[in-house]
Amino acid sequence: MFSPYYVLDRAQDPFAHCAMNVVLYGERANRFAMTERGARALARDAASIAIGASAMEWDGTALTIRLDERAAPLPYPIRGTIRLTPHGITEGPFTLDAPGLHRWWPMAPSSAVEVALEEPALRWRGTGYFDTNDGDGRLEDTFSDWTWCRADLSEGAAILYDVRRTDGSGQNLSLRFARDGRRREWRPPLPAALPPTRLWRMGRSTRSDDGAARVLRTFEDTPFYARSLLATRLDGEAVRPVHESLSLTRFRNPLVQLMLPFRMPRVPG
């Protein structure tokens with residue numbers, strides 16, 4: 001959905017613009033891979049999808065992700081396996097706009113995750129999250145910006161999604177799920193201000209029980225997107241959510257479009 005090559009493609013064929021996005025955050029260095037490939041590199045069926053040498057496969061109980069990518073701009077390898085096992089599956093998707101053109105499904109808000117990478121040598125086991133997005137139009141035509149975050153809770157997970165649309169309307173989804181995927185009733189937390197990012201001054205905000213939150217670390221500081229680790233309180237618990245801010249107003253800027261291939265190269269074919 002952020003492909004600079006798709007914008008220039010007269011055919012507007014989404015299957016000709018596929019990528020497996022992989023991001024690793026370390027104490028001293030990060031690795032980011034989002035290499036775009038054409039339709040010949042894509043294979044998919046009801047239970048699996050392969051893009052180049054990387055693939056995802058669902059066996060009915062767990063999602064296995066096999067990675068074979070190279071980071072950008074420095075071409076460090078990212079190879080190995082991730083296995084995600086949902087504790088439960090939620091009911092169907094949410095629509096994010098009035099006509100229903102854009103849909104989001106937090107399918108597995110609480111999941112067990114095992115990471116076994118060969119390059120870089122990395123092992124990790126913990127909790128994670130799986131969602132899907134699909135739409136029938138460009139994001140920037142419908143939305144001006146949004147913020148999102150997810151936090152582990154002692155008995156499930158909390159997800160906050162605040163959307164602002166280009167027509168001036170907005171939508172708040174404050175969701176609380178049990179471990180088995182059942183939705184629990186939850187009053188929307190209070191708005192909480194966050195400082196902008198240091199480099200690109202991306203705006204950030206969230207919600208919390210008391211209207212307060214802190215940024216512990218900024219993982220991504222780009223012209224139109226920020227990803228952060230927060231410290232806050234949700235549903236009476238002290239939590240550390242992963243948070244993102246997206247500005248599609250900034251994304252539409254032609255200068256930003258020219259910068260995208262720096263992080264998102266394309267393999268011919």
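Reader: Which residues make the nonpolar surface patch of about 300 Å²?
Author: Patch members have over 30% relative accessible area and no salt bridge; nonpolar side chains (Val, Leu, Ile, Met, Phe, Trp, Tyr) are joined within 5 Å, and like charges within 9 Å. The areas come from the Shrake-Rupley method with a 1.4 Å probe, and for residues only the protein chains shown count as cover. Here, a nonpolar patch of about 300 Å² is made by Leu199, Trp200 and Met259.

Reader: What kind of model is this?
Author: Residues are numbered from 1 along each chain as its sequence is written, and side-chain values use heavy atoms, leaving out hydrogens and water. Local features need pLDDT of at least 70, side-chain atom pairs count only at pLDDT 80 or more, totals for chains, interfaces and linings use all residues, and the model is predicted.

Reader: Where does Trp200 lie?
Author: Let's stay with this patch residue: Trp200 has a relative accessible area of 34%, so it counts as partly exposed (buried is under 20%, exposed over 50%, partly exposed in between, with a 1.4 Å probe and protein chains only). Helices (H or I, at least four residues) and strands (E, at least two) are DSSP runs numbered from the N terminus. In those terms, Trp200 lies in the loop between β17 (190-194) and β18 (204-208).

Reader: How many residues does the largest nonpolar core have?
Author: A nonpolar core is a set of buried Ala, Val, Leu, Ile, Met, Phe, Trp, Tyr and Cys residues joined through side-chain atoms within 4.5 Å. In the largest one, Trp104, Trp146, Tyr161, Phe224 and Leu248 have the most contacts inside the core, whose residue count is 22. β13 (143-153), β14 (156-165), β15 (170-178) and α3 (248-251) each supply at least two of these 22 residues.

Reader: Which phenylalanines does Phe224 touch?
Author: Contact means heavy atoms within 4.5 Å, and residues up to four places away in sequence are not counted here. Among the residues that Phe224 touches are Met202, Leu246, Arg250 and Val256. The phenylalanines it touches are Phe2 and Phe251.

Reader: Which residue stands opposite Ile65?
Author: Strands pair if DSSP finds at least two bridges between them. Eight bridges join β8 (residues 63-70) to β9 (residues 77-86), which run antiparallel, and a hairpin of six residues connects them. In β9, the residue opposite Ile65 is Ile82.

Reader: Which residue in β11 stands opposite Gly80?
Author: Strand β9 also pairs with β11 (residues 102-119): eight bridges join them, and they run antiparallel. Opposite Gly80 in β11 stands Leu117.

Reader: How many residues apart in sequence are the parts that Asp59 and Arg83 tie together?
Author: A salt bridge here is a side-chain nitrogen of Lys or Arg within 4 Å of a carboxyl oxygen of Asp or Glu, and the count comes to 15. Asp59 and Arg83 form one of them, at 3.7 Å from N to O. Asp59 lies in the loop between β7 (54-58) and β8 while Arg83 lies in β9, so the distance in sequence is 24 residues.

Reader: Is Glu220 buried or exposed?
Author: Glu220 forms a salt bridge with Arg263, with the closest N and O atoms 3.9 Å apart. Arg263 is partly exposed at 25% relative accessible area. Glu220 has 8% relative accessibility, so it counts as buried.
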